[in-house]
Amino acid sequence: MSHVNEAPTPPATASREPIRTEQEGGVLHVRLNPFRHDDTLSIAVVEALTDLLDDLNPDVRVLVLSSLGEDFCTGADRREYSAALAMDPTGAALRRIADKAHRLCQALESTHAITIGRLHGGVLGAGLALAAYCDLRAGADTCRFRMPEVGVGLPPAWGGAMGRLISEAGVARIRELMLTCDQFDAPTAHRLGLLHQTAALDQLDDVIARWTRPLLRRSHESLVLTKRMLAGYARADRTADVALLDSHLLTSHFAQLG
């Protein structure tokens, strides 16, 4: 398997497409492609990822999600939220944007492909939420994680991720990290279960390859069934999931700021 992302900064001639894809056999590499320098999760990225997952070719067995930016993702673009509310003071446009994030996360959780998050640099806010919906997560040992929403006056409402994070790492630790907004490192993320493996950045692709090789050999139907059983049990643990309210929470917050 070829090494990718060892030098994560995109070249000056990089396409302005929000994501870039490359397929190697049954493995599809999907790379966030920021053309600004803030590595945020824009509406364009959310829509492109959702469209890709909705139309994912059946021959894709494994999807590896990474980024060409200096960071994996530094969170949602709040400027887009403010602009949407300014354009439509009723909040309907902003609610549609937030609902798109929820739909993307559900698509990641339910797609037939086994999804692997390949993380480096900053993994913040919505970036952590996006990564949490991947089936497997490997991160560079220099990764920095943070849930900054409360610290900047926002509800932690992106993609329905609070329930997913709690089911992955436990309510006590997620409560602490959400309320304190403390930054934490890759070893801590590994202990919490937010990372399954850590490695030096130049060895991260080797970790991914050790996962993808056996996954490609196994029965596709068994993998899909197991993935969906696991998702079902995780959702059963979130019987009071209020993720569909996320769009209303975000809209009411920005309306108050206005």
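A salt bridge is taken here as a side-chain nitrogen of Lys or Arg within 4 Å of a carboxyl oxygen of Asp or Glu. By this criterion, the side chains of R31 and E22 form a salt bridge, with a distance of 3.0 Å from N to O. The model in which this pair is found is a predicted one, and the structure holds 10 salt bridges. The two partners differ in their surroundings: R31 has a relative accessibility of 8% and therefore counts as buried, whereas E22, with a relative accessible area of 33%, is partly exposed.

Two further salt bridges are worth following through the fold. In one of them, the side chains of R144 and D71 meet at 3.0 Å, N to O. This pair links distant parts of the chain, since R144 belongs to strand β7 while D71 sits in the loop between β3 (62-67) and α2 (78-87), 73 residues apart. Here the arginine is the partly exposed partner, R144 having 34% relative accessibility, and D71 is buried, with a relative accessible area of 14%. In the other, R137 is bridged to E168, and the closest N and O atoms are 2.7 Å apart. Because R137 lies in strand β6 (residues 136-140) and E168 in helix α5 (residues 161-169), the pair ties together parts that are 31 residues apart in sequence. R137 is buried, at a relative accessible area of 1%, while E168 counts as partly exposed, at 27% relative accessibility.

These pairs can be placed in the protein as a whole. The protein has 10 helices and 9 strands, and buried residues make up 52% of its 258 residues. Of the contacts in the protein with a separation of 6 or more, 76% are accounted for by residues 24 or more positions apart. The accessible surface comes to about 12,000 Å², and 54% of this belongs to carbon and sulfur atoms. Part of the surface is a nonpolar patch of about 360 Å², made by L225, M229 and Y233. Of these residues, L225 is found in helix α9 (residues 220-236).

Turning to the interior, the structure holds 1 aromatic pair. The rings of F145 and F184 have centres 5.4 Å apart and planes at 15°, so the pair is stacked, given that planes under 30 degrees apart count as stacked. Since F145 lies in strand β7 (residues 144-146) and F184 in strand β8 (residues 184-185), the pair ties together parts that are 39 residues apart in sequence. Both F145 and F184 are buried. Strand β7 thus holds F145 of the aromatic pair as well as R144 of the salt bridge to D71.

Another buried arginine, R118, is found in strand β4 (residues 114-119). Its relative accessibility is 0%, and R118 therefore counts as buried. The side chain of R118 is joined to that of D205 by a polar contact of 2.9 Å.

The loop between α3 (92-110) and β4 contains H112. With a relative accessible area of 18%, H112 is buried, as the term covers values under 20%. Its side chain reaches two backbone oxygens: that of N57 at 3.2 Å and that of V60 at 3.2 Å. Leaving aside neighbours within four places in sequence, H112 is in contact with L56, N57, P58, V60, H220, V224 and R228. H112 and L53 are 59 residues apart in sequence, and their C-alpha atoms are 9.2 Å apart in space.

Finally, the backbone at C181 deserves a look. Phi of this residue is near 60°, a positive value in a residue other than glycine. C181 is found in the loop between α6 (171-180) and β8, and at 7% relative accessibility C181 counts as buried.

Technical notes. Residues are numbered from 1 along each chain as its sequence is written. This is a predicted model: local features need pLDDT of at least 70, side-chain atom pairs count only at pLDDT 80 or more; totals for chains, interfaces and linings use all residues. Side-chain values use heavy atoms; hydrogens and water are left out. Rings of Phe, Tyr and Trp (its six-membered ring) pair if their centres lie within 6.5 Å; planes under 30 degrees apart count as stacked, over 60 as edge-to-face and the rest as tilted. Helices (H or I, at least four residues) and strands (E, at least two) are DSSP runs, numbered from the N terminus. Buried means under 20% relative accessible area, exposed over 50%, partly exposed in between (1.4 Å probe, protein chains only). Patches are made of residues with over 30% relative accessible area and no salt bridge: like charges are joined within 9 Å, nonpolar side chains (Val, Leu, Ile, Met, Phe, Trp, Tyr) within 5 Å. Accessible areas come from the Shrake-Rupley method with a 1.4 Å probe; for residues, only the protein chains shown count as cover. A polar contact is a pair of N or O atoms within 3.5 Å; within protein, one must be able to donate a hydrogen and the other to accept it, and residues adjacent in sequence count only if both atoms are side-chain atoms. Contact means heavy atoms within 4.5 Å.
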